[in-house]
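Work through the exercises below with the sequence and the 3D view open. Try each task before reading its solution.

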Amino acid sequence: MAGNKVALNWSQLVSFFVAISIFFPLYCLHMNEYITIPMKLFWLLKCFPIYSLIRFVCKQFHSFDDLRNDTFSFLIVVGLTLSSVGDIFLQDGKNRTNDSFFLGLLAFLLAHICYIQAFKWTPLKPELFFSLLFLGIVVTNLLFGGDVLAKYPPTLAIGVYVYTAVIGIMLWRSWARVNSEQFLAGHWQPLCGAVGALFFVVSDTIIAVSKFRGRFSGSGFLIMTTYYAAQLAIALTVTRRVNG
């Protein structure tokens, strides 16, 4: 499929960086209640960086048919699109209800399933799976242990555990693709996916702490910074070396 791709042009990411440079100052002012951004405008500002990444991925191909025929890249686009839906439901973090949190969780869960399918199941690397599983159990018990989730609806509590499992699998499959020899040979795209998955885990962990343990100063900024870094890194996995 590499023959159907166009050479990487980093200028295609200008709109993404412009979008986040506009979003973050307004977001910080909004979250600190210096200004109030209308919700529909907030959705647009929040989602536009993701739409820019979707456009970036599409621009790596000469036509939509080429994109659709490249299963990996098409799944990344679907995952980014579902993420933008999740962004709308999660809103600004201040006006989030349990229902909107659950729907946002569902949208991102489907996005991660798309990323898992894109990253595929080979090589399997079971030793990596069990290492991440152990770490995930420890962290999950620290965050959600005891009666932390008891005061929330059962569907939300179950959703949190399912989501945690899915994003853990996504992290596993992304790092399973990393090969040091390929990286040294200039094939850096799998590492981008792995770093993106790690940023996603960090972002969602901060969301979990904010939701179930209480918000802390700077949490919103950290969530959005790591989130956009995650999506950018994952979007970069669709690129190829010019002669690759």
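A residue counts as buried when its relative accessible area is under 20%, as exposed when it is over 50%, and as partly exposed in between. Keep these cut-offs at hand. The model is predicted.

**Exercise 1. Describe the overall build of the protein chain.**

Solution.
- Start with secondary structure. The protein chain has 10 helices and 0 strands. Read from the N terminus, its elements run α-α-α-α-α-α-α-α-α-α.
- Next, take the dimensions. Along the principal axes, the C-alpha atoms fill a box of roughly 55 × 45 × 30 Å.
- Test for compactness. A compact globule of 244 residues would have a radius of gyration near 18 Å, and the protein chain agrees with its 18 Å.
- Now apply the burial cut-off. Of the 244 residues, 45% count as buried.
- Look at the surface. The accessible area is about 12100 Å², and carbon and sulfur atoms account for 68% of that.
- Finish with contacts. Take those between residues at least 6 apart in sequence: 77% of them join residues at least 24 apart.

**Exercise 2. Locate the largest nonpolar core and find its best-connected residues.**

Solution.
- Size it up. The largest nonpolar core has 62 residues. Phe200, Phe212 and Tyr228 have the most contacts inside it.
- Assign the core to helices. Those giving two or more residues are α1 (14–31), α2 (39–58), α4, α5, α6 (126–144), α7 (154–176), α9 (189–212) and α10 (219–235).
- Rank the contributors. Helix α5 gives the most to this core, with 9 residues.
- Zoom in on Tyr228. Set aside residues up to four places away in sequence. Tyr228 then touches Phe16, Ile20, Phe23, Phe24, Leu45, Lys46, Pro49 and Ile50.

**Exercise 3. Map the nonpolar patch on the surface.**

Solution.
- List the members. Val85, Phe89, Phe102, Leu103, Leu106, Leu110 and Ile113 form the patch. Together they have about 500 Å² of accessible area.
- Assign the helices. Both α4 (71–90) and α5 (98–119) give two or more residues to the patch. Helix α5 gives the most, with 5 residues.
- Check one member. Ile113 sits in helix α5. Its relative accessible area is 36%, so Ile113 is partly exposed.

**Exercise 4. Find the salt bridge and classify both partners.**

Solution.
- Count first. The model has 1 salt bridge.
- Identify the pair. Arg68 bridges to Asp65, with the closest N and O atoms 2.7 Å apart.
- Place the pair. Both Arg68 and Asp65 lie in helix α3 (residues 64–69). They are 3 residues apart, about one turn of the helix.
- Classify Arg68. Its relative accessible area is 45%, so Arg68 is partly exposed.
- Classify Asp65. At 40% relative accessibility, Asp65 also counts as partly exposed.

**Exercise 5. Is Asp204 buried or exposed, and which residues is Asp204 in contact with?**

Solution.
- Place the residue. Asp204 is in helix α9.
- Compare with the cut-off. Asp204 has 16% relative accessibility, so Asp204 counts as buried.
- List the contacts. Leave aside neighbours within four places in sequence. Asp204 is then in contact with His112, Tyr163 and Ile167.

Methods
Residues are numbered from 1 along each chain as its sequence is written. This is a predicted model: local features need pLDDT of at least 70, side-chain atom pairs count only at pLDDT 80 or more; totals for chains, interfaces and linings use all residues. Side-chain values use heavy atoms; hydrogens and water are left out. Patches are made of residues with over 30% relative accessible area and no salt bridge: like charges are joined within 9 Å, nonpolar side chains (Val, Leu, Ile, Met, Phe, Trp, Tyr) within 5 Å. Accessible areas come from the Shrake-Rupley method with a 1.4 Å probe; for residues, only the protein chains shown count as cover. A salt bridge is a side-chain nitrogen of Lys or Arg within 4 Å of a carboxyl oxygen of Asp or Glu. Helices (H or I, at least four residues) and strands (E, at least two) are DSSP runs, numbered from the N terminus. Buried means under 20% relative accessible area, exposed over 50%, partly exposed in between (1.4 Å probe, protein chains only). The radius of gyration is taken over C-alpha atoms; the globule rule is 2.2 Å times the number of residues to the power 0.38. Contact means heavy atoms within 4.5 Å. A nonpolar core is a set of buried Ala, Val, Leu, Ile, Met, Phe, Trp, Tyr and Cys residues joined through side-chain atoms within 4.5 Å.
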